[in-house]
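Me: I am new to reading structures, and I would like to learn how to go from a picture to careful statements about it. Could we work through one together?

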Protein chains: 2
Amino acid sequence: MKIDPKSSADLSAQIAQAIKDAIVEGRLIVDERLPSEAELADQFQVSRPTVREALKRLAAQSLIRTQRGAFGGAFVNRLSFEDAYSQQITTSTLLLSMNAVSFDTACEARFALERACAPLSAERRTPDHLATMRAEIVRQNQPGLTDEAFCASDVAFHRALVDGAGNPVLSYQLAGAVEAMQPLMNMITFTARSREAIVALHTRIADAIEARDATAADAALAELTAYTLTLKDDVMAARAARDKS
Amino acid sequence: MKIDPKSSADLSAQIAQAIKDAIVEGRLIVDERLPSEAELADQFQVSRPTVREALKRLAAQSLIRTQRGAFGGAFVNRLSFEDAYSQQITTSTLLLSMNAVSFDTACEARFALERACAPLSAERRTPDHLATMRAEIVRQNQPGLTDEAFCASDVAFHRALVDGAGNPVLSYQLAGAVEAMQPLMNMITFTARSREAIVALHTRIADAIEARDATAADAALAELTAYTLTLKDDVMAARAARDKS
DNA sequence: CATTTTTTATTTGTCTGACATTTAAAAGTC
DNA sequence: GACTTTTAAATGTCAGACAAATAAAAAATG
């Protein structure tokens, strides 16, 4: 592992990149211990604080973990699905909020991906997944629920649907798409009637998944997509009318 | 922004988290300048190196950028789609390689997501997307192509297909799924005959997208999925037979 | 006066050296 | 042999310093 002394980039960034490359290319394997900070400083011909900055960069990406004490040090970290989930969710959320991604675009992406999972979920869902979906539907029927709580339950419902596909890679990919939508969904105020309509569609989806009927599930999801967009348009129209007066 | 003095976690990690929360929750907005390192050190009652480690953690996630000189400093960074792509690709790649995700699981996820894009792509693809797909097909037909180059062209073909949907969020999500598969695909040695079959399917996909025929595109993608899995099984069987002898 | 150059203050990047804290192995004790 | 103490190695943190970059302000120049 070497760094380019002519490069203008920060030394800590270069060192971090060199180590990252080694991990991605498999030259450093999971749980392998990196040299100590002092040794790395010596190896790269920089000071220890610089090495530390590089290591913190890697730690921020969950690429390494550090342990204090004798025989401690920095170890290549096994990137868990859980770590990947949360990274994915933060990234997606910021991407949507910072780039002014339209509701329609985000919504389309989310439901397109979700519909890709539905047939697999219909085939493989366990009673556990179904139970979660039904439980969330019950929660969504409770009267005094806040809009935030309703949205959270909505996310939980759709996560159960996606998890039903039994494919952790799909679940990971969808986590970002579904959860990142939540701040956008929070723009919508759910009336009693719209909640009723959503719950009815959720019930149809759950029924279809239970009956292992991929076609029906897809149809219900398509309707939910359309209905969500309608809701958004209503909210926007109402706001425009209010702002005009 | 405050940190918990009783927490056992690293100070730099706590500080990074506090700032990250402020960004995600919108209390710090894009292009806003953070206080200087000296001011942050004063504010959090820690030393400057500690603050710097925290800032490097954030820089590693593209949450901030730093600029030297007078009126320089750390600024909240607009997370670009490009930044998000590369983060997504690294994460997905490591997730697959470190957790021994099976070829079948990754393949299923990839094609499920891709099939979700196909109908949208059939509807919205521009001549540009079509041209890219056709060009990659031509490249894939070249005789002396290495397996790696064939795989790379394959990725480019499928990216054009996904980009054709005209939804940057979908493109971002798919980037991880498609690119992360590449190391796994590299396990496969493509015979002349298998390449021919793949190119034929690619041509069918491009034809369907050109004709705006979502159903045909979906069918071809389904066949490609099945064929890819067959190829993998053949490679595995051949390897098992070789190891046995 | 307008333009260019120089100065200057500010801020990040890096280094040196030191001490505190944690941790597990090694040594000592009963 | 089981328990306690010591010790060495590593990360975590701090203080202070200098280098380098950068843009605003000041000075010089035509």
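Me: Where is Asn186(B) found in its chain?

Reply: In this predicted model, Asn186(B) sits in a loop of chain B, the one that runs between α9 (182-185) and α10 (192-210).

Me: How do I decide whether Asn186(B) is buried, partly exposed or exposed?

Reply: The relative accessible area is the value to read, and a residue is called buried under 20% and exposed over 50%, with partly exposed in between. Asn186(B) has a relative accessible area of 33%, and therefore counts as partly exposed.

Me: Which residues does Asn186(B) touch, once those up to four places away in sequence are not counted?

Reply: Leaving those out, Asn186(B) touches Asp147(B), Glu148(B) and Cys151(B). Cys151(B) is 35 residues apart from Asn186(B) along the chain, yet their C-alpha atoms are separated by 7.0 Å.

Me: What is the relative accessible area of Asn167(B), and how should I read it?

Reply: Asn167(B) has a relative accessible area of 2%, so this residue is buried. Asn167(B) also lies in a loop of chain B, between α7 (147-163) and α8 (168-180).

Me: Which contacts does Asn167(B) make?

Reply: With residues up to four places away in sequence set aside, Asn167(B) touches Thr105(A), Glu108(A) and Ala109(A). For polar contacts one looks at particular atoms: a polar atom of the Asn167(B) side chain is 2.9 Å from the backbone oxygen of Thr105(A), and the Asn167(B) side chain also reaches the backbone nitrogen of Val169(B), at 2.9 Å.

Me: How far should I trust the detail, and what is the mean pLDDT of chain A?

Reply: As a general caution, predicted coordinates should not be read in detail where pLDDT is low. Chain A has a mean pLDDT of 93, with 100% of its residues at 70 or more. Among the elements of chain A, the lowest mean pLDDT, 83, belongs to helix α9 (residues 182-185), and the highest, 98, to helix α3 (residues 48-60).

Me: Which domains is chain A divided into?

Reply: Chain A consists of domain 1 (11-76) and domain 2 (81-236), and the centres of these two domains of chain A, taken over C-alpha atoms, are 39 Å apart.

Me: How many residues are around DNA strand C, and which come nearest?

Reply: There are 23 residues around DNA strand C, and those that come nearest are Leu11(A), Ser47(A), Thr50(A), Gly69(A) and Arg48(B). By class, this surface has five nonpolar, nine polar and nine charged residues. It also helps to ask which part of the strand is approached: of the atoms of DNA strand C within 4 Å of the protein, 66% belong to sugar or phosphate, and the rest to bases. Arg68(A) gives a base example, with a polar side-chain atom 3.0 Å from a base oxygen of DNA strand C, while Arg52(B) gives a phosphate example, with a polar side-chain atom 2.9 Å from a phosphate oxygen of that strand.

Me: Which residues are closest to DNA strand D?

Reply: Of the 22 residues that surround DNA strand D, the closest are Arg48(A), Arg52(A), Leu11(B), Thr50(B) and Ala70(B). Sugar and phosphate make up 68% of the atoms of DNA strand D that come within 4 Å of the protein. Two phosphate contacts can be inspected here: a polar side-chain atom of Thr50(B) is 2.8 Å from a phosphate oxygen of DNA strand D, and a polar backbone atom of Ser47(B) is 3.0 Å from a phosphate oxygen of this strand. The largest share of the surface near DNA strand D, three residues, is supplied by α3(A).

Methods:
Residues are numbered from 1 along each chain as its sequence is written. Chains are lettered from A and ligands numbered from 1 in the order in which they are written. This is a predicted model: local features need pLDDT of at least 70, side-chain atom pairs count only at pLDDT 80 or more; totals for chains, interfaces and linings use all residues. Side-chain values use heavy atoms; hydrogens and water are left out. Helices (H or I, at least four residues) and strands (E, at least two) are DSSP runs, numbered from the N terminus. Buried means under 20% relative accessible area, exposed over 50%, partly exposed in between (1.4 Å probe, protein chains only). A polar contact is a pair of N or O atoms within 3.5 Å; within protein, one must be able to donate a hydrogen and the other to accept it, and residues adjacent in sequence count only if both atoms are side-chain atoms. Contact means heavy atoms within 4.5 Å. pLDDT is the predictor's confidence in each residue, from 0 to 100. Domain bounds come from an automatic or database domain assignment. A residue is near a molecule or strand if one of its heavy atoms lies within 4 Å of it. Ala, Val, Leu, Ile, Met, Phe, Trp, Tyr, Cys and Pro count as nonpolar, Asp, Glu, Lys and Arg as charged, and the others, Gly among them, as polar.
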